[in-house]
Amino acid sequence: MKNKSLSFRLILMTLGTLSFLGIACFGILSYIVREDRESILSSFESRAVGLSDAIGAQFFERYGDVQAFAQNPIVQGQVKSRDEIVAALNGYVALYGIYDLIMVVNTEGDLVAVNDKGPDGKTLKVTSLYGKDYSKEVWFQSVISGKTTDDKDKAFVGTYVEEMNVDPFVSTVFAEKRLGNSFSSAIRDSKGKTIGVITNRAGSRWIEVAFQDSYRLMKHDRLSQSEIYLTSKDGSLLYEFRPNLDGKSTTGLAHDYDRLLKFNLTQQLPVVSRVIAAESDGVLADDAVTGKEKVVGFAPVDGSKFVRSIGWNVVVTNQASEALAAVTAATRAFYLTFLLVMAISIWISISFSRRLARGLASVAEKMAGGAQIVTVAAKEINGSSEELSDATTQQASAVQQTAAAVNEINAMVKKSVEAATQAQSTATSSLQSVQRGQAA
């Protein structure tokens with residue numbers, strides 16, 4: 001029982017030490033995991049901000065392109081031939097590759113000219129666009145009335161930016177739904193008088209490049225399940241980049257027109273309401289559609305190269321299971337390692353404690369036997385000490401008696417000395433008397 005008790009205590013001591021170290025390790029692990037998660041969330045915010053800046057850079061170019069085209073002398077009507085204007089517009093379309101149609105309309109809303117070749121150089125059937133009245137179009141009225149999409153503090157003045165939509169004119173010419181938006185500006189003569197409107201009908205390609213680049217970087221970081229969204233100021237889905245959206249493509253360029261321009265992303269990710277309030281952040285949030293947890297980074301499209309009043313927002317998401325895979329794997333590895341170390345340590349402590357207990361028990365038994373021998377010797381020494389004590393006592397008594405006898409002899413000697421002294425004195429007196437008698 002004593003051996004078991006000692007072994008048990010040693011095991012408890014080992015477990016206590018391991019538990020203390022385990023608590024310390026868990027504390028450190030929790031801190032590292034928390035920091036890694038914050039770093040990952042922050043990286044998603046940075047991705048959203050980076051994409052926002054890329055869109056802003058493209059927007060800056062598109063905003064200025066239409067004004068530059070409007071200053072072309074051919075477009076200004078100094079040369080009256082429609083064919084020459086069409087040729088100039090075809091050149092712009094081929095050079096930039098992102099404008100499906102460039103339309104020049106006079107102040108009455110009549111189409112003066114439009115490119116008849118697409119970005120790929122193929123001939124377009126644009127005959128149906130002529131003869132229509134464009135004076136009721138929002139982009140036309142906004143430019144004519146001077147209500148353009150301006151931000152004078154950022155030097156944005158004179159271009160009306162239309163919201164993302166399924167462009168009716170482009171879709172008609174290309175005989176398919178085409179997502180895009182328009183940039184429109186006034187055409188003025190040499191005296192500054194408005195003589196018409198030019199509208200660049202840009203396909204969604206002008207933002208797709210930025211989305212593709214962003215996804216490419218995320219895929220390089222092993223975030224293949226990433227999804228990227230562009231929303232309007234109220235959260236409506238304007239554009240989405242979702243690989244395998246069509247079940248085949250991995251480019252993410254297929255469009256789900258049942259969602260685009262109809263679905264509000266806040267219904268799927270309520271956290272998106274924060275970016276609408278001009279916040280940027282990276283968070284963990286549940287997807288209301290799939291029910292899965294996602295890492296979400298969001299940021300408003302803003303900066304020196306974008307008109308913030310347009311209200312576009314970027315949202316970058318990825319399955320949390322993939323985004324946090326490294327953190328999860330490291331945590332699991334720690335748990336497995338810790339459990340393995342605990343198991344090995346317990347086994348070693350049990351084995352060692354049993355050996356130590358047996359060794360200590362053997363030493364204790366030997367010490368107990370030695371203690372018994374010492375006890376017997378001590379008893380014998382104690383007996384001898386008592387005998388010696390008695391002898392010593394008797395000897396002391398004899399010494400005392402001898403001392404008393406010596407004292408008595410000493411007294412007798414003193415008396416004898418005194419008697420001898422008296423006898424000597426008497427003898428001296430007698431001698432003197434004899435001498436006197438002899439003399440007489």
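A residue counts as buried under 20% relative accessible area, as exposed over 50%, and as partly exposed in between, with a 1.4 Å probe and protein chains only. The model described here is predicted: local features need pLDDT of at least 70, side-chain atom pairs count only at pLDDT 80 or more, and totals for chains, interfaces and linings use all residues. Residues are numbered from 1 along each chain as its sequence is written, and side-chain values use heavy atoms, with hydrogens and water left out.

**Overall form.** The chain has 9 helices and 11 strands; these are DSSP runs numbered from the N terminus, helices being H or I of at least four residues and strands E of at least two. The radius of gyration of the chain is 56 Å, whereas a compact globule of 440 residues would have a value near 22 Å. That radius is taken over C-alpha atoms, and the globule rule is 2.2 Å times the number of residues to the power 0.38. Along the principal axes, the C-alpha atoms fill a box of roughly 210 × 65 × 30 Å. Of the 440 residues, 38% count as buried. Contact means heavy atoms within 4.5 Å; among contacts between residues at least 6 apart in sequence, 60% join residues at least 24 apart.

**Positive phi.** Most residues other than glycine have a negative phi. Two alanines with positive phi are listed below.

| Residue | Phi | Loop | Relative accessible area |
|---|---|---|---|
| Ala155 | about 65° | between helix 3 (138-144) and strand 3 (159-161) | 65%, exposed |
| Ala175 | near 60° | between helix 4 (168-174) and strand 5 | 69%, exposed |

**Cores.** A nonpolar core is a set of buried Ala, Val, Leu, Ile, Met, Phe, Trp, Tyr and Cys residues joined through side-chain atoms within 4.5 Å. The largest one has 73 residues, and those with the most contacts inside it are Ile55, Phe59, Ile198, Phe211, Leu230 and Trp312. Helix 1 (residues 2-70) gives the most to this core, with 13 residues. A second, separate core of 19 residues includes Met103, Val105, Tyr134 and Trp139. Outside its neighbours within four places in sequence, Ile198 touches residues including Val66, Phe69, Ile102, Met103, Phe183 and Ile187.

**Cavity and pocket.** On a 1 Å grid over the protein atoms alone, a cavity is a set of points where a 1.4 Å probe fits but cannot get out, while a pocket is an open set with protein on both sides within 12 Å along at least five of seven lines; lining residues have an atom within 4 Å of a point. Grid points are joined across faces, edges and corners, and a volume is the space filled by probe spheres set on the points. The structure holds 1 cavity of 30 Å³ or more, and the volume of the largest cavity is about 30 Å³. Its lining consists of Asp100, Asp167, Val170, Arg178, Leu179, Gly180, Arg201, Ala202 and Gly203. Strand 6 gives the most to that lining, with 3 residues.

The largest pocket has a volume of about 200 Å³. Of its 12 lining residues, Arg178, Leu179, Ser204, Glu208 and His255 lie nearest the centre.

**Gln319.** This residue belongs to strand 11 (residues 313-319). Gln319 is buried, with a relative accessible area of 12%. Leaving aside neighbours within four places in sequence, Gln319 is in contact with Gln225, Lys292, Glu293 and Lys294.
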